[in-house]
Amino acid sequence: MTRPTGHRRDVSATALTLTAQAVALELRVIELRRELADVADRMTAVAEALHDLLPQQDAREQP
């Protein structure tokens with residue numbers, strides 16, 4: 001009868017470990033999404049700055 005009890009403990013320990021890993025992964029996903037949003041914001045800022053550096057075309061230069 002000790003074998004089923006030991007098996008239950010193993011299953012419980014495995015479930016606990018997997019739950020902890022899932023929580024850690026979820027937190028990492030949240031962190032990565034925030035970092036991606038920051039990168040997107042920086043890319044937008046750089047694109048706007050580059051656009052501002054381009055010489056403005058006046059009406060005569062437009063086709």
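Which residue forms a salt bridge with Arg-28? In this predicted model, the partner is Glu-31, and the closest N and O atoms of the pair lie 3.2 Å apart. Side chains of opposite charge can pair when their charged atoms come close. The contact between Glu-31 and Arg-28 falls within the 4 Å limit applied to a side-chain nitrogen and a carboxyl oxygen, and the structure holds one salt bridge. Because Glu-31 and Arg-28 are three residues apart in helix 1, about one helical turn separates them. Both participants are accessible to a limited degree: Glu-31 counts as partly exposed at 37% relative accessibility, and Arg-28 likewise counts as partly exposed, at 39%.

With regard to secondary structure, the chain has one helix and zero strands, and this helix 1 spans residues 2-53. Of the 63 residues in the chain, 0% are buried. The area exposed by the chain amounts to about 6,200 Å², of which 62% is supplied by carbon and sulfur atoms.

A nonpolar patch is also found on the surface, where Val-23, Leu-27 and Ile-30 together make an area of about 260 Å². Val-23, one of the residues of this patch, is placed in helix 1. At 46% relative accessibility, Val-23 counts as partly exposed, because that class covers values between the 20% bound for buried residues and the 50% bound for exposed ones; the value for Val-23 also lies over the 30% relative accessible area required of patch members.

Notes: Residues numbered from 1 in each chain as written. Predicted model: local features only at pLDDT ≥ 70, side-chain atom pairs only at ≥ 80, totals over all residues. Heavy atoms only, no water. Patch = residues over 30% accessible without salt bridge, like charges linked within 9 Å, V, L, I, M, F, W, Y side chains within 5 Å. Areas by Shrake-Rupley, 256 points an atom, 1.4 Å probe, with all protein chains shown as cover. Helix = DSSP H or I, 4+ residues; strand = E, 2+ residues; numbered from the N terminus. Buried < 20%, exposed > 50% of the residue type's maximum accessible area, 1.4 Å probe, protein only.
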